[in-house]
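These are my notebook entries on a single chain. I set down what I looked up, in the order in which I looked.

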Amino acid sequence: MTIDSLQPGGNASLVRIQRLNFGYGERLILKDVTLEIPRGKVTAIMGASGGGKTTLLRLISGQNMPAQTSVYFDGVDVGAQNTKGLYALRRRMGMLFQFGALFTDMSVFENVAFPLREHTNLTEDLVRDVVLMKLNAVGLRGARDLMPSEISGGMARRVALARAIALDPELIMYDEPFAGLDPIALGTTARLIRQLNDALGTTSVLVSHDLDETFAIADHVVILANGSIAEQGTPEHIRQSQDPLVRQFVQGAFDGPVKFHYPGQSLVDDFLGHGQQRGVSS
Ligand SMILES: Nc1ncnc2c1ncn2[C@@H]1O[C@H](COP(=O)(O)OP(=O)(O)OP(=O)(O)O)[C@@H](O)[C@H]1O
């Protein structure tokens, strides 16, 4: 880590998370997390359900605020921003959250135009040009006049992608962008995320459970487990990790350091003890 990434425009990392602790109420979700999101790369955040991946994205965008100074975007302390500062920061980020829902009463064109109309004063001609450029980037320029009900789930995801890049964000965050897609649409969306990252020169952060597709497009993979980083590195590094937690995750094993059963009473207490109380033998 160099001091460079703390300066706006510094070129090491776009996002720097330093000794972050965050919880909801008394419950600590992220524990002492230190992480760098390298500029221009695709970083995947993976790990078991409920591990805090979405929470981490929300901390980067300032939707969740950390108690201490611990999250920096381009050298700017996210937690120290007032509403105006946060608004300015978020203007630099594109977000595609789970299922990337479109506005159902607006056409494909209007969905992509929405952030431009909300956040800029572009003339109608310029809005049109930008929308068509973004739709072209996701292969859907021809679908501009369709309504969300007239397009497939995979196409809807691509429209949501076009909307997420409408304002030319420096950082694009994708929360489970492949959820609910068939294998072909999933592969298309994954390739598109990679292509857009490289063509637009942005930085991408991707939360996903789809190991193969994600490993195929990510430069850097972070495995979150039990609120901490269990491992991080290239997809190859993660695949070769000997850490039991990471191995369980990569192999999709049913049980391991991450338990299948939610902690609770033992089987004996729940069944045998209960049975004995009712006078059931064996
Ligand atoms: N607003 C909230 N208030 C209270 N608890 C929350 C809130 N949001 C999330 N949590 C809890 O925090 C934990 C982490 O949630 P989070 O959504 O960040 O996990 P995740 O790793 O993204 O999970 P998944 O892979 O299932 O989407 C979960 O136990 C969840 O129940």
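**Entry 1: strand 7.** I began with the directions of the side chains: Leu171, Met173 and Asp175 point one way from strand 7, Ile172 and Tyr174 point the other way, and all are buried. By "buried" I mean that 20 or more other C-beta atoms lie within 10 Å of the residue's own; a residue with 12 or fewer is exposed, one in between is partly exposed, and the C-beta atoms are placed from the backbone. Strand 7 covers residues 171-175, and 5 of its 5 residues are buried, which I note as mostly covered. Strands (E, at least two residues) and helices (H or I, at least four) are DSSP runs, numbered from the N terminus.

**Entry 2: the source.** I record that this is a predicted model, in which local features need pLDDT of at least 70 and side-chain atom pairs count only at pLDDT 80 or more, while totals for chains, interfaces and linings use all residues. Residues are numbered from 1 along each chain as its sequence is written.

**Entry 3: the whole chain.** I noted 10 helices and 10 strands in the chain. Of its 282 residues, 36% are buried. I also looked up contacts, where two residues are in contact if their C-beta atoms, placed from the backbone, lie within 7 Å. Among contacts between residues at least 6 apart in sequence, 62% join residues at least 24 apart.

**Entry 4: the partners of strand 7.** Which strands pair with strand 7? Two strands pair if DSSP finds at least two bridges between them. Strand 6 (residues 93-96) pairs with strand 7 in the parallel sense over 4 bridges, and Met95 stands opposite Met173. Strand 8 (residues 203-207) also runs parallel to strand 7, joined to it by 5 bridges. Here Asp175 stands opposite Val207. From strand 7 the chain crosses through helix 6 (residues 183-200) to strand 8, and this β-α-β crossover is right-handed. The word "right-handed" here means that, with the strands pointing away from the viewer, the path from the first strand over the helix to the second runs clockwise.

**Entry 5: strand 8.** I asked whether strand 8 is mostly covered or mostly exposed. It is mostly covered, with 5 of its 5 residues buried. Thr203, Val205 and Val207 point one way, Ser204 and Leu206 the other way. Strand 3 (residues 42-46) runs parallel to strand 8 and is joined to it by 4 bridges. Val42 has Ser204 as its bridge partner.

**Entry 6: helices 5 and 6.** Two packed helices are described by the angle between their axes and the distance between the axes. The axes are lines fitted to C-alpha atoms, for helices over the stretch in contact, and angles run from 0 to 180 degrees between N-to-C directions. The axes of helix 5 (residues 153-164) and helix 6 come within 9 Å and cross at roughly 15°. That makes helix 5 roughly parallel to helix 6; angles under 35 degrees count as roughly parallel, over 145 as roughly antiparallel, 65 to 115 as roughly perpendicular and the rest as oblique. Gly153, Gly154, Arg157, Arg158 and Leu161 of helix 5 make the contact with Ala185, Thr188, Thr189, Leu192 and Leu196 of helix 6.

**Entry 7: helices 3 and 5.** I then looked up helix 3 (residues 108-119), whose axis comes within 8 Å of that of helix 5, with a crossing at roughly 30°. Helix 3 is therefore roughly parallel to helix 5. On the side of helix 3, Val108, Asn111, Val112, Phe114 and Pro115 make the contact; on the side of helix 5, Val159, Ala162 and Arg163 do so.

**Entry 8: an open sheet.** I found an open sheet of 4 strands, with the order 2-1-4-5 and antiparallel pairing. Its edge strands, strand 2 (27-38) and strand 5 (76-77), each pair on one side only. Helix 1 (residues 53-60) packs on the sheet and touches strand 1 (13-24), strand 2 and strand 4; its direction makes about 120° with that of strand 1.

**Entry 9: two positive phi values.** Asp32, which is found in strand 2, has a phi near 55°, a positive value in a residue other than glycine. With 13 C-beta neighbours inside 10 Å, Asp32 counts as partly exposed. Asp168 lies in the loop between helix 5 and strand 7, and its phi is near 50°, again positive in a residue other than glycine. Asp168 is exposed, with 12 other C-beta atoms within 10 Å.
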